[in-house]
Amino acid sequence: MARKPRIHYKGALYHVIARGNKKECIFEDELDKKEYRTLMTKYLKQFQAKLFAYVIMDNHIHLLVQVD
């Protein structure tokens with residue numbers, strides 16, 4: 001069952017989590033993590049979001065993001 005859409009508030013901080021199914025790895029190596037950071041930077045600029053903190057682990061990520 002899908003979750004309900006997130007309600008956005010201007011200036012709010014959001015804790016974003018993504019993880020692999022059954023806690024499986026989503027990044028195979030450091031190159032994958034680097035590519036993820038590159039894409040993250042691109043989309044933060046595109047959507048004018050601010051990233052306050054992040055953690056990239058083998059099987060999941062955490063982001064603390066502010067969107068306007």
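**Notebook: Y54 and its surroundings**

I started at Y54. Setting aside neighbours within four places in sequence, I find Y54 in contact with R37, M40, H62 and L63. Y54 sits in strand β2. Is Y54 buried, exposed or partly exposed? I looked up its relative accessible area and got 40%, so Y54 is partly exposed. I also checked the distance to L39. The two residues are 15 apart in sequence, and their C-alpha atoms are 14 Å apart in space.

**Confidence**

I am working on a predicted model. The mean pLDDT of the protein is 93. I note that 99% of its residues reach 70 or more. Which element has the lowest mean pLDDT, and which the highest? Strand β1, residues 13-19, is the lowest at 93. Strand β2, residues 50-56, is the highest at 97. I keep one caution in mind: where pLDDT is low, predicted coordinates should not be read in detail.

**Layout**

I went through the secondary structure next. I count one helix and three strands. Read along the sequence, the pattern is β-α-β-β. The C-alpha trace spans about 35 × 30 × 15 Å along its principal axes. I then looked at contacts with a sequence separation of 6 or more. Residues 24 or more positions apart account for 56% of them.

**Surface and charge**

How much of the protein counts as buried? I get 22% of the 68 residues. The accessible surface comes to about 5,900 Å². Carbon and sulfur atoms hold 56% of that surface. For charges, I have 13 positive and 8 negative. Their mean positions lie 12 Å apart.

**The nonpolar core**

Which residues form the largest nonpolar core? I list eleven: A12, Y14, F27, M40, L44, A49, I56, I61, L63, V65 and V67. Helix α1 (30-46) and strand β3 (60-66) each supply at least two of these residues. Strand β3 gives the most, with three. Nonpolar side chains tend to be buried together in soluble globular proteins. Two of the Y54 contacts, M40 and L63, are on the core list.

I followed V67, another core member. Leaving out neighbours within four places in sequence, V67 is in contact with H8, Y9, K10, G11, A12, Y14 and A49. I see A12, Y14 and A49 in the core list as well.

**K33, a lysine in the helix**

I turned to K33, which lies in helix α1. Is K33 buried or exposed? Its relative accessible area is 9%, and the cut-off for buried is under 20%. K33 is therefore buried. I wanted to know what it touches. Not counting residues up to four places away in sequence, K33 touches F27, I56, M57 and D58. F27 and I56 also belong to the core. I checked the K33 and I56 pair by C-alpha atoms. They are 23 residues apart along the chain and separated by 7.0 Å.

**Two positive phi angles**

I looked for positive phi away from glycine. K23 has a positive phi of about 60° and is not a glycine. I place K23 in the loop between β1 and α1. Its relative accessibility is 59%, so K23 counts as exposed.

Q48 goes on the same page. What is the phi of Q48? I read a positive value of about 50°, although Q48 is not a glycine. Where is Q48 found? It is in the loop between α1 and β2. At 63% relative accessibility, Q48 counts as exposed.

Technical notes:
Residues are numbered from 1 along each chain as its sequence is written. This is a predicted model: local features need pLDDT of at least 70, side-chain atom pairs count only at pLDDT 80 or more; totals for chains, interfaces and linings use all residues. Side-chain values use heavy atoms; hydrogens and water are left out. pLDDT is the predictor's confidence in each residue, from 0 to 100. Helices (H or I, at least four residues) and strands (E, at least two) are DSSP runs, numbered from the N terminus. Buried means under 20% relative accessible area, exposed over 50%, partly exposed in between (1.4 Å probe, protein chains only). Contact means heavy atoms within 4.5 Å. Accessible areas come from the Shrake-Rupley method with a 1.4 Å probe; for residues, only the protein chains shown count as cover. Lys and Arg count as positive and Asp and Glu as negative; His and the chain ends are not counted. The place of a charge is taken as NZ of Lys, CZ of Arg, CG of Asp or CD of Glu. A nonpolar core is a set of buried Ala, Val, Leu, Ile, Met, Phe, Trp, Tyr and Cys residues joined through side-chain atoms within 4.5 Å.
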